[in-house]
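Please look at the sequence and the structure together, and follow the account below from one aromatic contact to the next before turning to the strands.

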Amino acid sequence: QNKYCVFKPSRRGYCHSPLSIVHIPFAIMGTNNIRKRKSKGVKITTNSSSSSTITPGSTNTSSLFSKMARRLFVLLPAAAILVPFLLLILLLSDGDGTKVIDANTVENEPVPNAKVMNEAQNSSKRRQELFVGDHYILLKVLPHDSKAFTQGFTYHNGFLYEGTGLNGQSEIRKLSPDDPSKVLQSTSLLPHQFFGEGITFFRDQHGNERIIQITWQGGKGFIYDANTLNKVQDFQYQTTTGEGWGITYDEHKREFIVSDGGKNLHFWDRDTLQEKRRIMVTLEQIDAYGKSHDISVGLINELEFVRADESSSSSSEKKTGAYSFLLANVWYQDVILKIDPDSGKVTRIYDFSKLYTQRTDGDDVFNGISVSGENDGTFYVTGKLWPHVYKVQLLD
């Protein structure tokens, strides 16, 4: 940069200051005239044999007019060229002298090489594996109580168990899988100030068959006898948000997995009901250059843990041991996430937006996932206040 560049230089190093341009005429005339001014006197030779010296402070009118005429003769053509050029530069620059970049161009952006392009192609394949769309088979459409505000769904010994919500209406129901609208047995959640949330079946340390239920707010949970639905225990718990949403059970590790409407999954010891660890649910986001970035996923709702013998996982998954997984609803989303319970990473996203399209104002969100007891990857799914339960088979 030169000392006359008083405006901000552009990113390409241009200086559009007029001060850096007005010196061009002096360069055209030659710098000798400028240097001569610094001497004590300039010797002028005339047609006469005599010569005179003009010292600083003296005046020679004809000589001054002659110099001005010569300079104007040079400056006017130069100005005619420079002024349009200067206006063009100002039009192509913004207020601080920076070059304006067209919206469709990116300055100094690296050109992808072969390695980057290969990574981008691989990322596209990973995206296709992740977002599998409506990759399921609808097997049956079954009736359901449209007044049931479904919060939890689980299966045991040939029966479906449903936990419903709302204050004063929360229940645990035992249903027939052939006709889930038929309530075979039920118990109300008391006292009525509790809002029922997720439920799941488990066996305690003594082998007793139990149903555990969490509530929305207040950090209160209940345990019932799975056969009689009598309450046998209540307990207190804490989560990240202070709420309880979904719960499921990993029999192999003897731990409950709990969601709270946030982005974390909480793992509780079966016997103490104390939290052992928590992980964040994350989704891989891949940019145009194939670089992977994990983003957190919130509003995790109803959960279902799926063991190896309950899924139709591929042989390659069985070899790596990555065939036990979580299925999760997301509040106000018609999707089911497949989640690795060890890392919290989402490995599949199933789109169920086409499952129940003729909804009414009374229908609430998609919520409720249960295994079916069949070892072919079939599940029961439903929603809050939905008139149907759907039996589906998820495809890998």
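In this predicted model, Y332 is exposed, with a relative accessible area of 56%, because the class begins over 50%. W331 has a relative accessible area of 32% and is therefore partly exposed. The ring centres of W331 and Y332 are 4.8 Å apart and the planes stand at 65 degrees, so this pair counts as edge-to-face.

The model holds 16 aromatic pairs, and another of them joins Y237 and W268, whose ring centres lie 5.1 Å apart with planes at 45 degrees, so that this pair is tilted. Y237 belongs to the loop between strand 12 and strand 13 (246-250), whereas W268 is in strand 15 (residues 264-269), so the contact ties together parts that are 31 residues apart in sequence. Both Y237 and W268 are buried. Elsewhere, Y136, F352, Y356, F366, W386 and Y390 form one aromatic cluster.

Rings also meet charged side chains in this model: the charged end of K338 sits over the ring of F325, 4.4 Å from its centre, and K174 lies over the face of F159, at 4.3 Å from the ring centre.

Strand 12, which precedes the loop that carries Y237, belongs to an open sheet of four strands in the order 9-10-11-12, with antiparallel pairing. Strand 9 (196-203) and strand 12 (231-236) are the edge strands, each pairing on one side only, and neighbouring strands of the sheet are turned by 20 degrees against each other on average, direction ignored. Strand 11 (residues 220-225) pairs with strand 12 in the antiparallel sense over five bridges, and the bridge partner of I223 in strand 12 is Q233.

Note on methods: Residues are numbered from 1 along each chain as its sequence is written. This is a predicted model: local features need pLDDT of at least 70, side-chain atom pairs count only at pLDDT 80 or more; totals for chains, interfaces and linings use all residues. Side-chain values use heavy atoms; hydrogens and water are left out. Two strands pair if DSSP finds at least two bridges between them. Helices (H or I, at least four residues) and strands (E, at least two) are DSSP runs, numbered from the N terminus. Axes are lines fitted to C-alpha atoms, for helices over the stretch in contact, and angles run from 0 to 180 degrees between N-to-C directions. Rings of Phe, Tyr and Trp (its six-membered ring) pair if their centres lie within 6.5 Å; planes under 30 degrees apart count as stacked, over 60 as edge-to-face and the rest as tilted. Buried means under 20% relative accessible area, exposed over 50%, partly exposed in between (1.4 Å probe, protein chains only). A charge sits over a ring if NZ of Lys or CZ of Arg is within 6 Å of the ring centre and within 35 degrees of the ring normal.
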